[in-house]
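Trainee: I have not looked at this structure before. Could we go through it by question and answer?

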Amino acid sequence: MRKVILTMLVALGFVLGAGAQDRTISGRVTDEKGAPIEGASVTASDNKGGTRTDKEGNYQIKVSENVKSLTFSDVNFETKKLSIRGTQVSVILVGRDKTLDDVVVTGLSRVKKSEFTGAASKISERQLKNQPVGSFDQILQGRAPGLLAQTSSGQPGNNTSVTIRGTGSISGGSSPLYVID
């Protein structure tokens with residue numbers, strides 16, 4: 001009896017393993033002029049996988065056999081959904097004609113200002129112009145609540161340690177957590 005149950009469990013494992021096979025899809029994302037789009041999002045139709053394109057617009061994503069399409073999107077481009085036929089799926093994204101709403105860069109993802117629920121500081125270009133400082137990090141000191149920019153010495157070119165309330169320390173220069181108008 002044990003042998004029969006064990007044999008059935010092993011056979012079931014093979015059947016389940018064969019049904020959950022993954023495949024790798026690759027391709028290139030470009031704009032209308034043929035220029036590569038860096039950082040474009042590529043997501044599977046089952047919402048279980050996603051990736052971003054590299055500097056040349058290339059991507060590689062592993063999806064299950066039951067995924068039938070991929071969705072391509074990027075800021076300032078129309079979102080496009082394409083069916084998967086084979087292992088290569090390349091796409092040309094068309095630019096949007098309308099202007100963007102304010103975008104808040106959170107360091108993890110991009111969201112519209114209207115959808116952002118956190119605390120954000122806005123620093124205008126006028127506040128940043130003609131400031132006698134050694135680096136961009138130092139310009140932000142005192143202009144954004146909760147931001148502390150410290151240099152280890154007064155020597156030009158030294159790294160600045162930027163601490164943002166709730167995020168810890170970010171060393172080596174400016175952080176993508178700033179919101180610039």
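Trainee: In which sense do β1 and β4 pair?
Mentor: The model is a predicted one. In it, seven bridges connect β1 and β4. One residue pair shows the register: S26 has Q60 in β4 as its bridge partner. The sense in which β1 and β4 pair is antiparallel.

Trainee: Which strands are at the edges of the open sheet of three strands?
Mentor: The order in this sheet is β4-β1-β7, and its pairing is mixed. An edge strand here pairs on one side only. That applies to β4 and β7 (91-92).

Trainee: What is the strand order in the open sheet of four strands?
Mentor: The pairing in this sheet is antiparallel. Its edge strands, each paired on one side only, are β3 (50-52) and β6. On average, neighbouring strands are turned by 20° against each other, direction ignored. The order is β3-β2-β5-β6.

Trainee: How many bridges join β2 to β5?
Mentor: β2 and β5 run antiparallel. Among the bridge partners, A44 is matched with L70 in β5, and S41 is matched with S73 in β5. The number of bridges joining β2 to β5 is four.

Trainee: Which residue is the bridge partner of S69 in β6?
Mentor: S69 is found in strand β5. β5 pairs in the antiparallel sense with β6 (residues 80-83), over four bridges. The partner of S69 in β6 is S83.

Trainee: Is S69 buried or exposed?
Mentor: Leaving aside neighbours within four places in sequence, S69 is in contact with T43, A44, S45, K81, L82, S83 and I84. A residue counts as buried under 20% relative accessible area. S69 has 9%, so the answer is buried.

Trainee: Which residue takes a positive phi in the hairpin of β5 and β6?
Mentor: Six residues lie between the strands of this hairpin. Most residues other than glycine have a negative phi. In the loop between β5 and β6, one residue that is not a glycine has a positive phi of about 75°. That residue is N76.

Trainee: Does N76 count as buried, partly exposed or exposed, and what is its relative accessibility?
Mentor: Partly exposed covers the range between the cut-offs of 20% for buried and 50% for exposed. N76 falls in that range, so it counts as partly exposed, at a relative accessibility of 37%.

Trainee: Which element gives the largest share of the largest nonpolar core?
Mentor: This core has 17 residues, and I25, V29, Y59, V63, L70 and F72 touch the most other members. The elements that give two or more residues to it are β1 (22-30), β2 (41-44), β4 (58-64) and β5 (69-73). The largest share is three residues, and it comes from β4.

Trainee: Which residues are included in the second, separate core?
Mentor: This core consists of eight residues. Those included are L128, I139, L147 and V162.

Trainee: With which residues is Y59 in contact, leaving aside its neighbours within four places in sequence?
Mentor: Y59 is buried and belongs to the largest nonpolar core. Its contacts are I25, S26, G27, R28, V29, V42, T51, R52, T53, L70, F72 and V89.

Trainee: Why is the pair of Y59 and F72 given its class, and what is that class?
Mentor: A search of the whole structure finds one aromatic pair. Y59 sits in strand β4 and F72 in strand β5, 13 residues apart, and both are buried. The ring centres are 5.7 Å apart and the planes are at 70°, so the class is edge-to-face.

Trainee: How many helices and strands does the chain have?
Mentor: The chain has 181 residues, of which 25% count as buried. Its secondary structure comes to three helices and twelve strands.

Trainee: What percentage of contacts between residues at least 6 apart in sequence join residues at least 24 apart?
Mentor: The pair of Y59 and F72, 13 residues apart, does not reach the cut-off of 24 used here. For the chain, the share that does is 40%.

Trainee: What part of the accessible surface of the chain belongs to carbon and sulfur atoms?
Mentor: The accessible surface comes to about 12,500 Å². The part belonging to carbon and sulfur atoms is 52%.

Notes: Residues numbered from 1 in each chain as written. Predicted model: local features only at pLDDT ≥ 70, side-chain atom pairs only at ≥ 80, totals over all residues. Heavy atoms only, no water. Core = buried A, V, L, I, M, F, W, Y, C linked by side-chain atoms within 4.5 Å. Buried < 20%, exposed > 50% of the residue type's maximum accessible area, 1.4 Å probe, protein only. Contact = heavy atoms within 4.5 Å. Phe/Tyr/Trp six-rings, centres within 6.5 Å; stacked < 30°, edge-to-face > 60°. Areas by Shrake-Rupley, 256 points an atom, 1.4 Å probe, with all protein chains shown as cover. Pairing = 2+ DSSP bridges. Axes fitted to C-alpha atoms, helices over the stretch in contact; angles between N-to-C directions.
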